[in-house]
Every structure is written in structure tokens, then in C-alpha cells.
Amino acid sequence: METKIDTKIFVGEHRVVDVSGIKIGNGHPPVIIAGPCAVESEEQIFKTAQAVHKVGAKILRGGVFKPRTSPYVFQGLGKDGLIILKNVADRFNMPIITELMDVEHLDVVYQYTDIIQIGSRNMYNYSLLKALGDVDKPVLLKRGMSATISEWIMAAEYIAAHGNTNVILCERGIRTFDTYTRNTLDLSAVPIMKMETGLPIIVDPSHGTGRRELIKPMSKAALACGADGLMIEVHIDPDSALSDGKQSITPEQFSEIMDEI
Ligand code: PEP
Ligand code: MN
């Protein structure tokens, strides 16, 4: 058993994070974040936003700086994509979330986004975490793909220790011996992280499983064990998506999930 590292700020008292008026955390209804893995075009984002907004998604997601495993594939539209995402979201009055990969892009991401996403690959990027301490916007901190609970807690603590306590956790699956799924979604992290830190926690069943047929059952399971929300990848045409098509669901499939949860 690993020993828990002592925290100074996130000591288990329940916290609620306010995202442009939407409250995430204890005592508030689960918040559903939806949208494509990556912003590909204005039409793609508009159609997706329209569809997910209609069935109750509260926050629009879309990556523009993409941490792709291969350097030879689509890397995201960068600032142009961010402006498209922001303009479309404004038409539906939805806050947005996008990933920040590098301190270099902090100013531009800060300018447009409502939540700054720190991806799994950057959970251990302590200089990036420190830089977020100076920022007054909520940070969604994804679990590193091989991060222990203690490491993840201390990554959150890094952001807080440097001045920003508006942290939302995101369980997105961890690497295990099994490769049937892209990752193993560790739902035990939901009650554990709530107990240990008191922070709101969102579950991402898309990266957590890598398979679209598992999004519905794992979404239900995540809410059943106390998740404060979900982040789901939705694409108007998953099979032609420029990233993460296999785990993306159609707006129709998303609507079905929203009906059932
Ligand atoms: C994403 O949300 O598209 C993403 C890249 O997630 P993760 O950092 O969990 O792999
Ligand atoms: Mn993705």
C-alpha cells in the first residue's frame, strides 16, 4: 500500500467550483460537458454544440492544442480553433473547456476559455501546474495515465499551493495490463478523491474506455458512485473524426445517454 502524502489545502472539506455561474461539486446536479475531441471546423463545432446543448449539456469541450501520440497526425487548429469554439459557444451561452499544453499558450487559452484543462500527459508538468496558480480560472486536472492517487492529489495541491484553489479533478482511466479497453476507468477514484481532497470530480468515460459502446454504461456508473459530472466526446460523424473517433459518440447516442441519466 502506498502511503498518502499530507496535503495542506485540499484536506477533505467539500468544495464547489463555479464555472461562469455553473456550480460543480457537492449538492449540485451533475454537470455534463460534451463536444468533440478536437475542434475541426466551425460547422462541426456548431452542429455539435447545437445538438448537445439541446439535450442538456452545460459546457462545450473542444481541443485546439492536441497532445497527439504521433507527430504526423492532426495537431489541432490552435488559436484559430479556440476563437471558433468561443464564438460558437457564445451563441448557445455555454462556457467552454480546452486543453492547455504549454505555459507558452497560457495567455491565449486564458483569454478565451472558462475552464483550463490539464491533460493526462501534463499532470506531472510541475512548472505548468505552478503557472496555473497565478490564474483565477478553474482548472480541470486530469489524472496522469499512470498516476497514483497520491501523485494526483499532490498535482492538485501544486496548483493550490501556488494560489489557485479552483481545481476540478477528472478521472480519465489509467494504464493497466489489460489492453481490451484503451484505459481502465478507475471509478474507485471518485469516492476516494472526494473523501481525501473534497474537490469536485468529473469522469471522462471516453478516454477512460476508448470504446464508444462503453460510454453509456460507464456514464451511469460514474454518476452512481458520486461523480459531480461527466465529460463525453461527441462528434457529428465519429468515423471521420480527426482524433479519437473510436471513442466518440454521435449526438443521437449522446441524447440517449442524457435521457437515461
Ligand atoms: C482529451 O480530453 O482530448 C485528452 C487528450 O485527454 P487525456 O489528457 O485524458 O488523454
Ligand atoms: Mn480525445
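Start by selecting Glu99 in strand β5: its bridge partner in β6 is Gln117. Strands, like helices, are DSSP runs numbered from the N terminus (E for strands, at least two residues; H or I for helices, at least four). Now show β5 and strand β6 (residues 115–118) whole, and you will find them paired in the parallel sense over three bridges. Two strands count as paired if DSSP finds at least two bridges between them. To see how the chain gets from β5 to β6, follow helix α3 (residues 106–112), which carries a right-handed β-α-β crossover. Right-handed is judged with the strands pointing away from you: the path from the first strand over the helix to the second then runs clockwise.

A word about what is on your screen: this is a predicted model, in which local features need pLDDT of at least 70 and side-chain atom pairs count only at pLDDT 80 or more, while totals for chains, interfaces and linings use all residues. Residues are numbered from 1 along each chain as its sequence is written, chains are lettered from A and ligands numbered from 1 in the order in which they are written, and side-chain values use heavy atoms, leaving out hydrogens and water.

**Stop 2: both sides of β5**

Select residues 96–99, which make up β5. In a regular strand the side chains alternate between the two faces of the sheet. Which residues of β5 sit on each side? Ile96 and Thr98 are on one side, Ile97 and Glu99 on the other, and all of them are buried. Buried means under 20% relative accessible area, exposed means over 50%, and partly exposed lies in between (1.4 Å probe, protein chains only).

Next, add strand β4 (residues 59–61), which runs parallel to β5 and is joined to it by two bridges. Look for Arg61 opposite Ile97 of β5. Bring in helix α2 (residues 78–91) as well: β4, α2 and β5 make a right-handed β-α-β unit.

On the loop between α2 and β5, click on Asn93. Is Asn93 buried or exposed? Asn93 counts as exposed because its relative accessibility is 72%. Asn93 also has a positive phi of about 60°, although it is not a glycine.

**Stop 3: across to β3**

Select strand β3 (residues 31–35), where five of the five residues are buried. Val31, Ile33 and Gly35 are on one side, with Ile32 and Ala34 on the other. Keep Ile33 highlighted: in β4 its bridge partner is Ile59, and in β10 it stands opposite Met231. β3 and β4 pair in the parallel sense over two bridges. The chain passes from β3 to β4 through helix α1 (residues 42–54), in a right-handed β-α-β crossover. β3 and β10 also run parallel, joined by five bridges.

**Stop 4: Arg61 and ligand 1**

Go back to Arg61 in strand β4. Arg61 counts as buried because its relative accessibility is 3%. A polar atom of the Arg61 side chain lies 2.9 Å from the backbone oxygen of Cys37. A polar contact is a pair of N or O atoms within 3.5 Å; within protein, one must be able to donate a hydrogen and the other to accept it, and residues adjacent in sequence count only if both atoms are side-chain atoms.

Now show ligand 1. Which of the 13 residues around ligand 1 come nearest? They are Arg61, Lys66, Ser120, Lys142 and Arg172. A residue is near a molecule or strand if one of its heavy atoms lies within 4 Å of it. Try these distances to oxygen atoms of the ligand:

- An N or O atom in the Arg61 side chain is 2.8 Å from one.
- A polar side-chain atom of Arg121 is 2.9 Å from one.
- An N or O atom in the Glu233 side chain is 3.3 Å from one.

Taken alone, ligand 1 exposes 300 Å², and the protein buries 97% of that. Accessible areas come from the Shrake-Rupley method with a 1.4 Å probe; for residues, only the protein chains shown count as cover.

**Stop 5: the manganese ion**

Finally, select ligand 2, the manganese ion. Which protein atoms are its donors? Cys37 (SG), His207 (NE2), Glu233 (OE) and Asp244 (OD) lie 2.0 to 2.3 Å from the ion. Donors are N, O and S atoms within 2.8 Å of the metal (3.2 Å for Na, K and Ca); water is not among the atoms, so sites may look incomplete. Along the sequence, the donor residues follow the spacing C-x169-H-x25-E-x10-D. Glu233 is in strand β10 (residues 229–233) and Asp244 in the loop between β10 and α9 (251–260), 11 residues apart.

End on Asp244, which counts as buried because its relative accessibility is 19%. Although Asp244 is not a glycine, it has a positive phi of about 55°.
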